[in-house]
Every structure is written in structure tokens, then in C-alpha cells.
Number of protein chains: 2
Amino acid sequence: MPATPAWPPQSTPRLFVEAPLHAGAAIPLDGAPAHYLLSVMRLKEGDPVKLFDGMSGEWLGIARAVRKRDLVLEVTEKLREREAVPDLWLCAAPIKKGRIDWVAEKACELGVARLVPVLTRRTVVDRVKDERLRAHMIEAAEQCGRTAVPELGETLTLDAMLARWPTGRALFFADETGGAPALDAMRARAGPAAILIGPEGGFDDAERAAIRALPQAIGISLGPRILRADTAAAATVALWMAAAGDW
Amino acid sequence: MPATPAWPPQSTPRLFVEAPLHAGAAIPLDGAPAHYLLSVMRLKEGDPVKLFDGMSGEWLGIARAVRKRDLVLEVTEKLREREAVPDLWLCAAPIKKGRIDWVAEKACELGVARLVPVLTRRTVVDRVKDERLRAHMIEAAEQCGRTAVPELGETLTLDAMLARWPTGRALFFADETGGAPALDAMRARAGPAAILIGPEGGFDDAERAAIRALPQAIGISLGPRILRADTAAAATVALWMAAAGDW
């Protein structure tokens, strides 16, 4: 028996859509997503597209009514159920453009459930561009095969975040003044968790004391080198995923 | 007793120099490093600078003969011995600019001993700019407090690399078709190691077979999501460091 060619093929474009998906739905597209499918990916009438809405898994769409700048995707069948999302939040102080965009991308790829921008005293970036962070996470989800896009939490000050911290959620924070080896600490504390990453200048003493005063806080060490904020975010999320057995 | 202020202070600039360092050496600086110290960091006569040459640890330098565009650093005393470098190589297929620069930066920050560019069949970047990669690693070493800069290995084809692979060095590679959980595999195999990361399109079947045929090769799994090459590099290096107990 000859091998059946994979359908849809591996090269099938993958697209996030805001509209809820179901069999029989017709998704009209114009603007940037249509440009991507028609001009970049050269989609033709009848070609497949993988679609996900972040909620209902991954669906097969077929290109219909293809014109120069718009088309309709006819949703035919479900390809995959929505992924199980490991219960990890990344709470990160905004850092300069480029680096924060990269943190949002990596947070999505590595599998976090939620990204929360946190304002600290040494945060030099005064405004978080929610739209841009969300766009980076959507693009990363399209690329990496996720069927869920991380939630983008409301931007909070560190004090406000600590004041309303959920009882059952561990808060791992990189403690430059000491702390347990990250992997051991993460293995010792299963369940819902969050990782808190400070800005380029780190936390100040008062902030570190406030974090430590939270019963759910666990100081971790990230080794002998001083990691930049973006590196620390990616490294700790990777360790948590591996410790949680998601990998 | 009042606390003695830290000397040199935490904000002291840190600089890599090519010349070997020793007490009493006089390091003349002009061009970009002098601009950085004088115009960006506002260094004045008598101010401290931390210096490292990648070989002999970290030294204290004092600004002398400060002029508009040049100065001399007088090396006075050794501040730290050279770090112990974990014996990990990162062998990475070149990917597009920006992303490969980022891989070089993260490899340095996370502590690798050596970065080796590897050309594979699906590598679309045809030339590796050694100078640029090395500059990114030096800048990262200056930032993250390393006293050693990762060696930049000669760019090799995958076949050439496999043909001369050292007997005692494990080669972990992300195997999209399966493999042991990364952390377990790394914990089970201590000692000299390398991580091999393919290009955006991954390895082709023949390449994967050639890698697997190497007795030192160990396929690892990086979880259910498809990681971009740069993410896979940072995540696996972080895991190896944690598994090796460097963190």
C-alpha cells in the first residue's frame, strides 16, 4: 500500500482568527491576513489553511471565493483538540522594545498560560503596548503550533500584584542575593505557579523584602552569571516546563 | 562600624580587552571602547573600570591620561580569578541575522564554552559573520560578568562535524520524531557535552540518520510545541546548565 500523503501537508499555513470556529463556519478575510495567505503563501482556491481561535482547537479551512485582496475560508473539520496548557504565568517587568517583544514570543512558544506585565521601581519603560505584545504572542502561536494563545493580563504595579496574589499559586523569583537552585525548587513545589522577572536594574531592597514577605514566594538562583531579564525569563520558563514534566 | 562602600562600585563599567592583563600593565584605549567609557559612561581621571581578557580573570583598571577621545587604563589588581567554564558546546545552524546574534548572546550569558556554526542542508544563511558573532559574545560577557568569552569554533558542515566528533563528548540533539525528555537525558549523561540545534526547517531525514548513527548522539524531546531554533538553543542550554548543577 503506498503511503498516503499527509493531509493537510506540513507546509499548510496556520492562522489565528478572532471569530469562534465550528464546522461549516465561513470566515471572510481581508487586510493583513488575506495579504499573507494570498501574496506571501500564494494560496489558491481549494487550498487548505489550519485555523485556531485559541478556544476550540485547530480546524481545517478551505480557501473559497479567492480574489485579489480577499477570500473566504470554509471551515470543514476539526484537526486537533485544544492543547492542555500548563498552569504557569510569567510576570515580567517591561523592558525595552525588542527585548520585551522577544519575551512575549518566547513565553508563548515555551508554553505559558498567561503573561502579566509588572511595573517595578526600576522599570524604565513607562507604557506597555498591549496590542503589540498580543500580536507577538499570536504570531508565535501560529508558528509553534499552539492552539491556545497566552492570556495577556492587565499591567499591574508590583505592590498591587502581591496584594492580590492567589493563595495556591507559587511565585518563583530570581533572587540575586541567594535562593535555592531553580530546578530543585521547582521540582519541590508542583502545581500552579508563576515566575517573576524584574527589569534590567533588578528589584530594589524594599521590593525584594515585599516579595519575600509573600508566603507563596520562593527565591531561586539562576547560577553564577548575571542573566539579562529576557534570558532569565526564557531560561526559568524552560526549567519550569521541564521540571513539571511538560517536556 | 559603618559599612565600607563597595569598591569598585556596582556601576563600574566592565570591558573586554584583547591585550593580556597583569598588574602594572598600561592599556591605551581609543575608538569605540574609549567612546563608550568617556562619552557614554562619563569616566573621569582616577575612575575604576573592570577589565577582563578572557584568560586571566578580572582586573581593576584606573583611568589615567584621560583626554577627549582616548585614555590609558592602569591595571592595578586582580579582582577575581577566571571562572570555571562548564564543558558545554552549542553547535547551531546559522539562522537569519537578529536571531543568530541573539543565539550568540544567549549562549554566552547562559555559560557555554564554545559556539560552533554548523551548515546543514536546510541552512538558508550561506555565510557566518564570525566577527559579528564574536562581538555579540564579547558584549554579552561584558554585561553578564563572565571572565571567559566562549570560543567561536570554525564553521563546519554537519558531515565534517560528525566525522571528527570527540569520543567522550555527548551530542544532544532535538529530535522532532521523538527522544527522551531533555532533562532526564541530560541528568543521565554527565561530562563533556554539546547541544546541536538545526536550522528553521530542521534536519532532513538523511541528516537525522547520520546524527543518530553517531554513538555519542542522544535524541531529546523538547515538549509538545515546535520551538524556533533560537528558543530551542536557549532552552536546552538552560536545561543542561541546571542538570549539570552549574545553577
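How many residue pairs are in polar contact across the interface of chain A and chain B? The legends below start there. The model is predicted.

**View 1. Polar contacts cross the interface of chain A and chain B.** The rule finds 16 residue pairs in polar contact here, counting pairs with both residues at pLDDT 80 or more. On the side of chain A that touches chain B, four elements give two or more residues each: α2 (99-110), α3 (130-144), α5 (182-188) and α7 (229-243). The most comes from α7(A), with 8 residues. Sorted by class, this side of chain A has 18 nonpolar residues, 12 charged residues and 4 polar residues.

**View 2. A salt bridge joins chain B to chain A.** Look for R99(B) and E105(A). Their side chains meet in a salt bridge, at 2.7 Å from N to O. Between chain A and chain B the count is 5 salt bridges.

**View 3. Chain A and chain B meet through the same surface.** Here 34 residues of chain A are in contact with 34 residues of chain B. Why is the surface called the same? Because 100% of the interface residues of chain A are also interface residues in chain B. The size of an interface is often given as the accessible area lost when the parts come together. Chain A and chain B bury about 2,900 Å² between them. Of that area, 55% is on carbon and sulfur atoms.

**View 4. A turn lays chain A on chain B.** Two copies of a chain are related by a rotation about an axis and a shift along it. For chain A and chain B, the turn is 180 degrees and the shift along the axis is 0.0 Å. The RMSD is 0.0 Å. That is the relation of a two-fold axis.

**View 5. A salt bridge within chain A links two strands.** The side chains of E58(A) and R14(A) meet at 2.6 Å, N to O. E58(A) lies in strand β4 (residues 58-64) and R14(A) in strand β1 (residues 14-16), so the pair ties together parts that are 44 residues apart in sequence. Over all chains, the structure holds 43 salt bridges.

**View 6. Residues 29-62 of chain A carry a UniProt annotation.** The unreviewed entry reads "domain: Ribosomal RNA small subunit methyltransferase E PUA-like". The span is 29% helix and 32% strand. Its end C-alpha atoms lie 12 Å apart.

Definitions and conventions: Residues are numbered from 1 along each chain as its sequence is written. Chains are lettered from A and ligands numbered from 1 in the order in which they are written. This is a predicted model: local features need pLDDT of at least 70, side-chain atom pairs count only at pLDDT 80 or more; totals for chains, interfaces and linings use all residues. Side-chain values use heavy atoms; hydrogens and water are left out. Copies are superposed by least squares on the C-alpha atoms of residues with pLDDT of at least 70 in both. Contact means heavy atoms within 4.5 Å. Buried area is the accessible area (1.4 Å probe) that two parts lose on being put together, summed over both. A salt bridge is a side-chain nitrogen of Lys or Arg within 4 Å of a carboxyl oxygen of Asp or Glu. A polar contact is a pair of N or O atoms within 3.5 Å; within protein, one must be able to donate a hydrogen and the other to accept it, and residues adjacent in sequence count only if both atoms are side-chain atoms. Ala, Val, Leu, Ile, Met, Phe, Trp, Tyr, Cys and Pro count as nonpolar, Asp, Glu, Lys and Arg as charged, and the others, Gly among them, as polar. UniProt positions are given in the numbering used here, feature names are shortened, and annotations may be inferred rather than shown by experiment.
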